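Me: I have a structure open on my screen and would like to talk it through with you before I go back to the bench. Could you take my questions one by one?

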Amino acid sequence: MLPHIEKLPHVENVAASVDKLLAEKRTALLSMRDAIAILRERTGTERSDADLAGLITKKAALFGVAVLSDRD
């Protein structure tokens, strides 16, 4: 499978945006649904919810941020 490539040239790097979001929310419980919505708003990404959730989960573990799994 080929890696996902963003289609919009002005789109902020999604991984860097996840890092920034988690750094901002370091002391609070973060909702997965809210985190995905924030990333879509900030980056304009077209990645699937599952792809974003996986990225957020992996990076949250590295940052030590608790993420509430409230996706449908």
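Reply: Gladly; what follows goes from the overall layout to the helix contacts and then to a few single residues, and please keep in mind that this is a predicted model.

Me: Ok, basics then. How many helices and strands does the protein come to?

Reply: The secondary structure of the protein comes to three helices and two strands, and read along the sequence these follow the pattern α-β-α-α-β.

Me: And what share of the 72 residues counts as buried?

Reply: Of the 72 residues, 31% count as buried. As for how the chain contacts itself, among contacts between residues at least 6 apart in sequence, 63% join residues at least 24 apart.

Me: Let's do the helices. What two things does one use to describe a packed pair?

Reply: Two packed helices are described by the angle between their axes and the distance between those axes.

Me: Fine, so at what angle do α1 and α2 cross?

Reply: The axes of helix α1, residues 14-24, and helix α2, residues 32-43, cross at roughly 130° and come within 10 Å. That angle makes α1 oblique to α2, and α1 passes α2 in a right-handed crossing.

Me: Which residues of α1 and α2 make the contact?

Reply: From α1 the contact is made by Val14, Ser17, Val18, Lys20, Leu21 and Glu24, and from α2 by Ala35, Ile38, Leu39, Arg42 and Thr43. By class, this contact of α1 with α2 has six nonpolar, two polar and three charged residues.

Me: Ile38 is on that list; is isoleucine 38 buried or exposed?

Reply: Neither, strictly speaking: isoleucine 38, which is found in helix α2, is partly exposed because its relative accessible area is 23%, and the buried class is reserved for values under 20%. The C-alpha atoms of isoleucine 38 and serine 17 are separated by 9.4 Å, with the two residues 21 apart along the chain.

Me: Now α1 against α3. What's the angle there?

Reply: α1 and α3 pack at an angle of about 50°, and their axes are 10 Å apart. That makes α1 oblique to α3, and α1 passes α3 in a right-handed crossing.

Me: Who touches whom between α1 and α3, and which classes are they?

Reply: On the α1 side the residues are Val14, Ala15, Val18, Asp19, Leu22 and Ala23, while α3 brings Leu52, Leu55, Ile56, Lys59, Ala60 and Phe63. The residues of this contact of α1 with α3 divide into ten nonpolar, no polar and two charged.

Me: That leaves α2 and α3. Why are those two called roughly perpendicular?

Reply: Their axes cross at roughly 105° and come within 10 Å; angles of 65 to 115 degrees count as roughly perpendicular, and α2 and α3 are therefore placed in that class. In this pair, Met32, Ala35, Ile36, Leu39 and Arg40 in α2 meet Asp49, Leu52, Ala53, Ile56 and Thr57 in α3. By class, the contact of α2 with α3 has seven nonpolar, one polar and two charged residues.

Me: Switching to the loops. Where does threonine 45 sit, and is it buried or exposed?

Reply: Threonine 45 has its place in the loop between α2 and α3, the latter spanning 49-63, and it counts as buried because its relative accessibility is 5%. A polar atom of the side chain of threonine 45 lies 3.1 Å from the backbone nitrogen of arginine 47.

Me: What about threonine 27, buried or exposed?

Reply: Threonine 27, in the loop between α1 and β1 (30-31), counts as exposed because its relative accessibility is 83%. Threonine 27 and alanine 66 are 39 residues apart in sequence and 8.6 Å apart in space, taken C-alpha to C-alpha.

Me: Last one, out past β2. Which residues does aspartate 70 touch?

Reply: Aspartate 70, which lies in the segment after β2 (67-68), touches Ser31, Met32 and Arg33, not counting residues up to four places away in sequence. The C-alpha atoms of aspartate 70 and serine 31 are separated by 6.5 Å, with their positions 39 residues apart along the chain.

Conventions:
Residues are numbered from 1 along each chain as its sequence is written. This is a predicted model: local features need pLDDT of at least 70, side-chain atom pairs count only at pLDDT 80 or more; totals for chains, interfaces and linings use all residues. Side-chain values use heavy atoms; hydrogens and water are left out. Axes are lines fitted to C-alpha atoms, for helices over the stretch in contact, and angles run from 0 to 180 degrees between N-to-C directions. Helices (H or I, at least four residues) and strands (E, at least two) are DSSP runs, numbered from the N terminus. Angles under 35 degrees count as roughly parallel, over 145 as roughly antiparallel, 65 to 115 as roughly perpendicular and the rest as oblique. A crossing is left-handed if the near helix is turned anticlockwise from the far one by less than a right angle, and right-handed if clockwise. Contact means heavy atoms within 4.5 Å. Ala, Val, Leu, Ile, Met, Phe, Trp, Tyr, Cys and Pro count as nonpolar, Asp, Glu, Lys and Arg as charged, and the others, Gly among them, as polar. Buried means under 20% relative accessible area, exposed over 50%, partly exposed in between (1.4 Å probe, protein chains only). A polar contact is a pair of N or O atoms within 3.5 Å; within protein, one must be able to donate a hydrogen and the other to accept it, and residues adjacent in sequence count only if both atoms are side-chain atoms.
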